[in-house]
Amino acid sequence: MTMTTAKHIQQRLLTFGNLLSAMVLPNIAAFIAWGLLAAIFSPSGWYPNAQINQIVAPIGNYLLPILLAFTGGSNVAGHRGGVVATIATIGILAGTNMVGLIAAMIIGPLAGWCVNVVDDRLRAHVPQGFEMLINNLSAGILGIILAIIGYLGIGPLLEVVERALLHGAVYLVDQNLLPLANVVIEPAKVLFMNNAINHGLLTPLGTQDAVHLGKSVLFLVETNPGPGLGILLAYAVLGRGTQKKSAFGAIIIEALGGIHEIYFPFVLMRPALFLAVIGGGVTGTFVFDLLDVGLKATPSPGSLISILLLTPHDGGDFLGVLIGITAATMVSFAVAILVLARENAHHLIKTTDLDVSVDNAIRNIVVTGTDGMGSPAMGAAVLRRKLRQLPDITISVTSKPINELTTSAETIFIVRHDLRQLLCDQLAEKPRIISIENYLNAPEYDGLLDELREIANQRDIFSETGLKGLGHGV
């Protein structure tokens, strides 16, 4: 594999991870609500309540997948894309809810992309005055088609993948290679297959052990909160913007609420962090196995509270369980810190990123990304709205794929930080770049407005040449 090919694959993985995380992060509040309800009212919660606990399952099985799908669809194709995505998700959920979350994260952007394709094909053929009717009719029909495809194809296909991962984990357990099972389990968890692995594999096997031994280490393999805590702690230290702020609250939900799904988007944003959760999982299970500790039953949810409540009171299991969780947290944290520090060193946003000279007129702003990404177009729309604060300045704000760009002395390029190097490789001359974290909510947009306002004031060109008005770009 050539270096260029490896870099291309890495960029694709980063793009995919950021696309997935862009669906989850806006819905963190729903995950927190789900986690708190489970932590408080589940049978192993702080105040068990069978009636209120009935709210938990519908949130996980239906509300969260629908929210993720709507967000993914709307990120690509606006509100209609979100609506079509939710219709398609219902088709998948009608066939299965075991893979509902990951299925929703696939069908969401796919539905948005389909909406854009259909709109492009129909736009030239819609009679004037029939736009609303055709838009609603096409979205409804497309939603039905995708729902059927989801029911007959996507759901069953993901179940096959899930079963394959389960068989791989079973093989490692049967071969007495328990710590290595986390090499399979940790990535599968992050892809929202955690419940299937825990309840479909580890709980039945662990129950057999517990009947004879009074405890089983298998109850700790998937439920160990250590790998997730290490990821969240690393983001709390080296994260930026909303990631850093979200990490602090997510630590509480992960540790005390036991909702591991809260840290999955943080891993998906940086695929290299799969190494961190694998390292933490393998380390934790190795320590548990070495110290011969286990639980009396599976903790659900997998919080520190539930785990300690189910730890045998006799013997030294309490200390061993805590040591294993701590070791998993430390290894995951150490690897995650290295990953985030390396990325921060390469993509640290500096004021010099603007590279704006008052001697140059800025006529174009291009928000860019890779092929098939809807977020740059959405980012361009956000920036155009913000630039209306400068009504006397005209700058074209457009969105284009990186592979279609050429260098221009009058252009500022805006790109997500993990794609910055790809952009630099594309352009022959040194471009003027603003690196951002999120196309839809970038504080750098406001900084750019301040720069443009200052440049305009310095050159007194509000009504002359150079910067003249704002934003009617595509």
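These legends accompany several close-up views of a predicted model.

**Figure 1. The whole chain gives us a starting point.**
Let's begin with an overview before zooming in. The protein chain has 474 residues, and buried residues make up 50% of them. Its secondary structure comes to 17 helices and four strands. Among the contacts with a separation of 6 or more, 72% are between residues 24 or more positions apart.

**Figure 2. Two separate nonpolar cores come into view.**
In soluble globular proteins, nonpolar side chains tend to be buried together. Here, the largest nonpolar core holds 59 residues, and F192 and I231 touch the most other members. Which helix gives the most to this core? That is helix α4, residues 56-95, with ten residues. A second core is separate from this one and has 30 residues, including V366, V367, L423 and L449.

**Figure 3. Four strands make an open, parallel sheet.**
Follow the strands across the sheet and you meet them in the order β2-β1-β3-β4, with parallel pairing. Strands β2 (396-401) and β4 (433-436) stand at the edges with a single partner strand each, so one side of each has no neighbour in the sheet. Neighbouring strands are turned against each other by 25° on average, direction ignored. Helix α15, residues 375-387, packs on this sheet and touches β1, β2 and β3. The direction of α15 makes about 170° with that of β2.

**Figure 4. Strand β1 has a partner on either hand.**
Now look at β1, residues 364-369, which pairs with β3, residues 411-416, in the parallel sense over five bridges. Strand β1 is also joined to β2 by six bridges, and these two strands run parallel. A few residues show how the strands line up. I365 has I412 of β3 as its bridge partner. T368 has K400 as its bridge partner in β2, and in β3 T368 stands opposite V415. Is β1 mostly covered or mostly open? Mostly covered: five of its six residues are buried.

**Figure 5. Helix α15 is seen on its own.**
This is the helix that packs on the sheet. Helix α15 has 13 residues and reaches 18 Å from its first C-alpha to its last, close to the 18 Å expected at 1.5 Å a residue. Its buried residues are S375, P376, G379, A380, V382, L383, R384 and L387.

**Figure 6. Helix α12 keeps its buried residues on one face.**
Helix α12, residues 274-291, has 18 residues. From its first C-alpha to its last, α12 reaches 26 Å, close to the 26 Å expected at 1.5 Å a residue. Its buried residues are A276, V277, G280, G281, G284, T285, V287 and F288. Why do these residues line one face of the helix? Seen down the axis of α12, they fall within an arc of 160°, so they line one face. The face turned away from the buried side carries the exposed residues L275 and L290.

**Figure 7. D292 follows the end of α12.**
Just after α12 comes D292, which lies in the loop between α12 and α13 (304-309). Most residues other than glycine have a negative phi. D292 is not a glycine, yet it has a positive phi of about 55°. Is D292 buried or exposed? The relative accessibility of D292 is 55%, and exposed means over 50%, so D292 counts as exposed.

**Figure 8. N198 sits buried in helix α7.**
N198 is found in helix α7, residues 181-213. At 4% relative accessibility, N198 counts as buried. Which residues does N198 contact, leaving aside its neighbours within four places in sequence? They are T203, P204, E222, T223 and T298. N198 and L220 are 22 residues apart along the chain, and their C-alpha atoms are separated by 9.5 Å.

**Figure 9. G228 is a buried glycine in helix α9.**
The last view shows G228, found in helix α9, residues 226-238. With a relative accessibility of 0%, G228 counts as buried. Not counting residues up to four places away in sequence, G228 touches E254 and Y263. G228 and T329 are 101 residues apart along the chain, while their C-alpha atoms are separated by 7.4 Å.

How values were computed
Residues are numbered from 1 along each chain as its sequence is written. This is a predicted model: local features need pLDDT of at least 70, side-chain atom pairs count only at pLDDT 80 or more; totals for chains, interfaces and linings use all residues. Side-chain values use heavy atoms; hydrogens and water are left out. A nonpolar core is a set of buried Ala, Val, Leu, Ile, Met, Phe, Trp, Tyr and Cys residues joined through side-chain atoms within 4.5 Å. Buried means under 20% relative accessible area, exposed over 50%, partly exposed in between (1.4 Å probe, protein chains only). Two strands pair if DSSP finds at least two bridges between them. Axes are lines fitted to C-alpha atoms, for helices over the stretch in contact, and angles run from 0 to 180 degrees between N-to-C directions. Contact means heavy atoms within 4.5 Å. The expected span of a helix is 1.5 Å times one less than its number of residues. The arc is that of the directions from the helix axis to the C-beta atoms.
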